[in-house]
Amino acid sequence: MSLDVYGEGERLAEMAVREGVGRKQLKTIVDLCKTRGKKGIDSWIKRQISRGLFSYEFGAYLKGLLERAERIEDFQRTVGVAHEMMSWFQVKPVMEVLYRNRQAILRELREYCGYRGYGKADLRIYADKSGGVQLRVYMERPPSDKKAAARDAKVRLTGRLPELRRLKFNIWIDELVV
């Protein structure tokens with residue numbers, strides 16, 4: 001039975017994020033596939049479970065993938081896809097909530113900008129390089145102290161929109177180019 005490399009890789013990445021497995025652990029598996037056979041990888045997975053680095057469920061899922069793989073390269077590619085997709089599954093929940101609340105956020109930001117004299121406002125949702133989520137706010141006349149304005153805007157948003165209170169995101173302010 002062959003593996004759906006991308007489908008299984010995405011499921012594995014989602015499970016890894018949920019379980020708190022590090023990207024380095026998945027990268028190690030990819031590297032081990034170059035030097036060890038299925039038995040060696042199976043014993044390494046068991047060792048990670050016994051050390052508390054993998055939950056039993058995560059380890060069993062990995063072992064199931066290993067057994068279903070016809071060739072070690074298929075397993076290696078599947079874990080490689082999971083390694084690459086982990087960053088997406090780390091930011092996806094926050095980005096989805098921000099996108100779902102985009103109109104309410106924009107309404108609050110426009111009210112804030114009007115009150116402060118910053119003019120028109122727009123926003124975009126980005127993943128930042130550190131693995132977090134960044135809400136980029138574009139203002140017609142951005143303030144000289146962008147950091148303080150970003151802090152004020154975040155306090156306003158989290159205070160008025162309860163859905164955003166538990167989210168971890170940063171606000172970055174730039175000039176709106178029309």
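Which side chain does Asp-31 meet in a salt bridge at 3.5 Å, N to O? The partner is Lys-27. By salt bridge I mean a side-chain nitrogen of Lys or Arg within 4 Å of a carboxyl oxygen of Asp or Glu.

Before I go on, some conventions. This is a predicted model, in which local features need pLDDT of at least 70 and side-chain atom pairs count only at pLDDT 80 or more, while totals for chains, interfaces and linings use all residues. Residues are numbered from 1 along each chain as its sequence is written, and side-chain values use heavy atoms, with hydrogens and water left out.

Back to Asp-31. Asp-31 and Lys-27 are four residues apart in helix α2, residues 23–35, so about one helical turn separates them. Helices here are DSSP runs of H or I with at least four residues, strands are runs of E with at least two, and both are numbered from the N terminus. Asp-31 also forms a salt bridge with Lys-34, at 3.7 Å, N to O. That pair lies in α2 as well, three residues apart, again about one turn of the helix. As for accessibility, buried means under 20% relative accessible area, exposed means over 50%, and partly exposed is in between, with a 1.4 Å probe and protein chains only. Asp-31 is partly exposed at 34%, Lys-27 is partly exposed at 36%, and Lys-34 is exposed at 58%.

In general, side chains of opposite charge can pair when their charged atoms come close. The whole structure has 17 salt bridges. One of them joins Glu-111 and Arg-156, at 2.5 Å, N to O. Glu-111 lies in helix α6 and Arg-156 in helix α7, so this pair ties together parts that are 45 residues apart in sequence. Glu-111 is partly exposed, with a relative accessible area of 42%, whereas Arg-156 counts as buried at 16%. Both belong to a network of salt bridges that links Glu-108, Glu-111, Arg-156 and Arg-160.

Now α6 itself. The helix has 15 residues, 102–116, and its expected span is 21 Å at 1.5 Å a residue; the end C-alpha atoms are 21 Å apart, which agrees. The expected span is 1.5 Å times one less than the number of residues. Buried residues in α6 include Ala-104, Ile-105, Leu-109 and Tyr-112. Glu-108, from the network, is also buried. What covers the buried residues of α6 includes α5 (72–100), β1 (121–127), β2 (133–139) and α7 (146–160). Just after the helix, Gly-117 takes a positive phi of about 80°.

Which element gives the largest share of the largest nonpolar core? A nonpolar core is a set of buried Ala, Val, Leu, Ile, Met, Phe, Trp, Tyr and Cys residues joined through side-chain atoms within 4.5 Å. The largest has 28 residues, and those with the most contacts inside it are Leu-98, Ile-105, Leu-157, Leu-164, Phe-169 and Ile-171. Two or more residues come from each of α5, α6, β1, β2, α7 and β3. The largest share, six residues, is from α6. Apart from this core lies another, of 26 residues, among them Val-21, Val-30, Trp-44 and Ala-82.

Next, the strands. β2 and β3, residues 170–175, pair in the parallel sense over six bridges; pairing requires that DSSP finds at least two bridges between two strands. Arg-136 stands opposite Trp-172 in β3. Together, β2, α7 and β3 make a right-handed β-α-β unit. Right-handed means that, with the strands pointing away from the viewer, the path from the first strand over the helix to the second runs clockwise. Leaving aside neighbours within four places in sequence, Ile-171 is in contact (heavy atoms within 4.5 Å) with Leu-135, Val-137, Ala-150, Ala-153, Lys-154 and Leu-157.

Last, two residues elsewhere. Gly-9 is in helix α1, residues 5–19, and counts as buried at 0% relative accessibility. Its C-alpha is 5.9 Å from that of Val-79, 70 residues away along the chain. Outside four places in sequence, the contacts of Gly-9 are Asp-4, Thr-78, Val-81 and Ala-82. Met-85, in α5, is partly exposed at 24%. With the same sequence neighbours set aside, Met-85 is in contact with Glu-10 and Ala-13.
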